[in-house]
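Work through the exercises below with the sequence and the model side by side, and try each task before reading its solution.

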Amino acid sequence: HGGAAPFLPAADCRLTPELFLATTRYLRSVLLLLLPTLLLVTIINFVLVRMAPGDPAVLIAGPDATLAQVEQIRESLGLNGSIIDQLLAYFGKLIVGDFGYSYTFKQPVMDILLPKMGNTLLLSGIAFIFSLVVGVGLGILSATRPGGIADRIGVATSVIIYAMPSFLIGVLAIMIFAVYWRWFPTEGMFSLGMKWGKEGAFGDLVRHIVLPAATLALPNIALFARMTRSSMLEVIKQDYIVLARSKGLNERAVYIRHGFRNALMSVVTLIGLAVSNLLMGSAIVETVFSWPGMGKLMYDAVTLRDYNILLGGFIVFSLVQLLSSLITDIVYTRLDPRVRY
């Protein structure tokens with residue numbers, strides 16, 4: 001690079017013993033903070049869920065149950081003690097890996113959560129990859145021709161899409177692509193009678209996942225496109241970009257090898273926010289499309305007052321969010337060797 005790029009030489013990016021020790025110390029300190037953070041989040045969620053209106057004992061007993069029957073069910077569920085006693089009892093089970101028993105599904109919580117979490121990760125993972133690739137690509141394209149027609153359309157579209165709620169995008173997608181044009185199914189993960197292992201299951205899954213994945217990805221596409229565009233426009237004004245052009249490099253090499261590499265740092269910081277958006281948006285999108293994932297399960301748990309399902313889902317979502325933030329920090333240090341912890 002002739003000393004033009006602001007990144008350190010490649011030799012400084014190698015995993016030296018000093019860098020390995022520094023990274024190890026950083027990871028150890030983050031992991032030590034992860035458990036207290038997860039503990040605090042669990043306590044807050046537990047208190048909020050218990051303070052929410054509604055009584056699962058009343059729902060389980062039914063409208064014709066007597067007060068004595070409701071009280072008996074409440075005692076069997078461990079809901080008649082103080083909130084402190086309930087919290088201590090819940091943590092006592094968590095220590096041994098017991099997330100409790102579902103009042104509604106009559107199964108251990110983890111037996112219900114794990115399959116649903118797999119479906120959510122499949123949907124969210126595809127949406128994340130799609131939003132990252134398309135969003136970054138549109139941001140670079142927009143930055144190469146600032147003020148042009150494509151740039152103006154892209155900026156306006158990204159602002160509109162980012163401002164639209166996910167349920168509205170989902171309903172519009174169903175009306176246009178499922179009801180009017182009949183290109184895709186309206187709900188579910190598979191067609192009736194179809195499941196994994198049957199012939200044509202993969203193609204059926206692809207048809208069912210297109211609309212919910214696109215709906216979940218669109219706000220993040222707008223987010224990545226806007227951040228990439230602004231970062232690229234800021235980077236291409238730097239002196240080393242002017243120097244690279246003066247050395248006779250073509251525009252593609254200037255934008256990709258010099259500009260995008262430095263603009264990527266701002267995009268990486270959005271990964272944690274994107275994961276959070278996907279997790280929060282999955283509840284809405286999965287409900288709209290009846291996708292059998294964690295979001296749909298937790299929505300049903302709210303209406304059914306199934307406390308243990310809700311708390312287990314919150315813990316899993318919180319853990320995924322914390323791990324994504326940790327991975328983002330690690331990637332950040334590898335992309336820019338100037339950042340050290």
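Helices here are DSSP runs of H or I with at least four residues, numbered from the N terminus. The model is a predicted one.

**Exercise 1.** Describe the secondary structure and the overall extent of the protein chain.

Solution. Begin with the count, which comes to 13 helices and zero strands. Next, take the dimensions: along its principal axes, the C-alpha trace spans about 85 × 55 × 40 Å. Finally, consider burial, where 40% of the 341 residues of the protein chain count as buried.

**Exercise 2.** Find the salt bridge that Arg74 forms, and place both partners in the secondary structure.

Solution. First, identify the partner of Arg74, which is Glu71, with the closest N and O atoms 2.7 Å apart. Then locate the two residues: both lie in helix 3, residues 67-76, and they are three residues apart, about one turn of the helix. As a last step, compare their surroundings using the cut-off that buried means under 20% relative accessible area: Arg74 counts as buried because its relative accessibility is 18%, whereas Glu71, at 36%, counts as partly exposed.

**Exercise 3.** Which residue forms a salt bridge with Asp300, and are the two partners buried or partly exposed?

Solution. The partner is Lys296, and the closest N and O atoms of the pair are 3.0 Å apart. Both residues belong to helix 12, residues 294-304, where they stand four residues apart, about one turn of the helix. Turning to accessibility, Asp300 is partly exposed with a relative accessible area of 24%, and Lys296 is partly exposed as well, with 21%. A search of the whole structure finds two salt bridges.

Key. Residues are numbered from 1 along each chain as its sequence is written. This is a predicted model: local features need pLDDT of at least 70, side-chain atom pairs count only at pLDDT 80 or more; totals for chains, interfaces and linings use all residues. Side-chain values use heavy atoms; hydrogens and water are left out. Buried means under 20% relative accessible area, exposed over 50%, partly exposed in between (1.4 Å probe, protein chains only). A salt bridge is a side-chain nitrogen of Lys or Arg within 4 Å of a carboxyl oxygen of Asp or Glu.
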